[in-house]
Amino acid sequence: MKPTRKLTLAAFAGALALGTAMPAFSADLIAIITPAHDNPFFKAEAVGAEAKAKDLGYETLVMTHDDDANKQSEVIDTAIGRGAKAIILDNAGADATVAAVKKAKDAGIPSFLIDREINATGVALAQIVSNNYQGAQLGAQEFVKLMGEKGNYVELVGKESDTNAGIRSQGYHDVIDDYPDLKLVAKQSANWSQTEAYGKMETILQANPDIKGVISGNDTMAMGAIAALQAAGRKDVIVVGFDGSNDVRDSIKAGGIKATVLQPAYAQAQMAVQQADAYIKNKTTPKEEKQLMDCVLINAGNADKLETFALKN
């Protein structure tokens, strides 16, 4: 006889915080937790994971944490309270997430991380991430070529608590810093935000009117930067992003942003669900916890093939 699962007070509080009524316990549920869906990358993750989970016969519980570690803890409590069989998670911080994932593990629920690593091993069952360093080097090589190996440039960096922000910046500089005539005149975090990137770019441009290029830690910030540059009449400035969003694809085709780096968000999320399914049904664990997926350079030559963080054949 199976023991009765009781809803924890924390899970109840988490559901109240989300403003939802308490749903019934589900025997075949996968929880999918990402940052807010106003960023198309995170929405693609959620859509991909949910589609694959439903194809495999699972119910889904899709939630967001808005890059807030406290809210992430609450929604993980909700997943635990609902008796989820697995959690697919794009997390809210490399350090802040460790305790929340361990809490799920202690409750018998495995976590399959996507996009972002945490600063611990043996807590999540899988950490499936894009090869951010390899991708950043691809973007930087294209940036150097577009810049003609010289000129003043700006770097927009992602959220400082996000491991990916640092890895991408390092990958950029390990290429660009080999070119002494490329001079970094401003480096600022815009926290992955388009609105913040627009404001930062306006300020940077006023202080550095002679900039020739902008390299960005993600596409959302790149879109903010190109909007600010175009508003200032600076269509001459080269902008390169990272993610492979449809918005940047369209900008590349229109002659705005020059390049980006595709990380396969949709496929990555689906891979996590497939690994969760193998574990739920057969207790099959991934051969390796940390798994890297290579990125692909996107420019005017192949932008037509890009659709929702995936390349069409």
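**Entry 1: around β3**

I started at Leu89, which stands opposite Leu113 in β4. This is a predicted model, so I am reading every position below as a prediction. On the β1 side, I found Ile33 standing opposite Leu89. I then looked up the pairing itself: β3 and β4 (residues 111–114) run parallel over 3 bridges, while β1 (residues 29–34) and β3 are parallel over 4 bridges. I also noted Ile87, whose bridge partner in β4 is Ser111.

Which way do the β3 side chains point? I see Ala86 and Ile88 on one side of the strand (residues 86–89), with Ile87 and Leu89 on the other. I checked burial too, and all of these are buried. The pattern fits the textbook picture, in which side chains of a regular strand alternate between the two faces of the sheet.

I followed the chain out of β3 next. It passes through helix α4 (residues 98–106) and arrives at β4, and this β-α-β crossover is right-handed.

**Entry 2: the whole sheet**

I traced the strand order as β2-β1-β3-β4-β5-β11, an open sheet of 6 strands with parallel pairing. What is at the edges? I have β2 (59–64) and β11 (290–293) there, each with a single partner strand, so one side of each has no neighbour in the sheet. From one strand to the next, I get an average twist of 15°.

I looked for a helix on this sheet and picked α3 (residues 69–81), which packs on it and touches β1, β2 and β3. The direction of α3 makes about 165° with that of β2.

**Entry 3: two domains**

I have the chain split into domain 1 (29–129 + 265–292) and domain 2 (132–262). Their C-alpha centres lie 29 Å apart. For the contact between them, I count 10 residues from domain 1 and 13 from domain 2.

**Entry 4: the cores**

I went to the largest nonpolar core, which has 34 residues. Which residues have the most contacts inside it? My list reads Met201, Ile211, Val214, Leu229 and Ile257. I then asked who supplies the core: α2 (40–55), β6 (151–157), α7 (194–207), α8 (219–231) and α9 (246–253) each give at least two residues. The most come from α8, with 7 residues. Why do I place this core between the domains? Domain 1 and domain 2 both contribute residues, so the core lies between them.

I took a closer look at Leu229. Leaving out residues up to four places away in sequence, I have Leu229 touching Met201, Leu205, Ile211, Val214, Arg234, Val237 and Val239.

I also noted a second, separate core of 21 residues, with Ala31, Ile33, Ile80 and Val101 among them. Ile33 ties this back to my first entry, where it stood opposite Leu89.

**Entry 5: Lys159**

I finished with Lys159, which sits in the loop between β6 and α6 (163–176). Is Lys159 buried or partly exposed? I have it at 22% relative accessibility, so it counts as partly exposed; the buried class stops at under 20%.

What does Lys159 touch? I list Asp67, Ala165, Ser189, Asn191 and Trp192, again skipping residues up to four places away in sequence. I checked one more pair: Lys159 and Ala190 are 31 residues apart in sequence, yet 7.1 Å apart in space, C-alpha to C-alpha.

Notes: Residues are numbered from 1 along each chain as its sequence is written. This is a predicted model: local features need pLDDT of at least 70, side-chain atom pairs count only at pLDDT 80 or more; totals for chains, interfaces and linings use all residues. Side-chain values use heavy atoms; hydrogens and water are left out. A nonpolar core is a set of buried Ala, Val, Leu, Ile, Met, Phe, Trp, Tyr and Cys residues joined through side-chain atoms within 4.5 Å. Buried means under 20% relative accessible area, exposed over 50%, partly exposed in between (1.4 Å probe, protein chains only). Domain bounds come from an automatic or database domain assignment. Contact means heavy atoms within 4.5 Å. Two strands pair if DSSP finds at least two bridges between them. A crossover is right-handed if, with the strands pointing away from the viewer, the path from the first strand over the helix to the second runs clockwise. Axes are lines fitted to C-alpha atoms, for helices over the stretch in contact, and angles run from 0 to 180 degrees between N-to-C directions.
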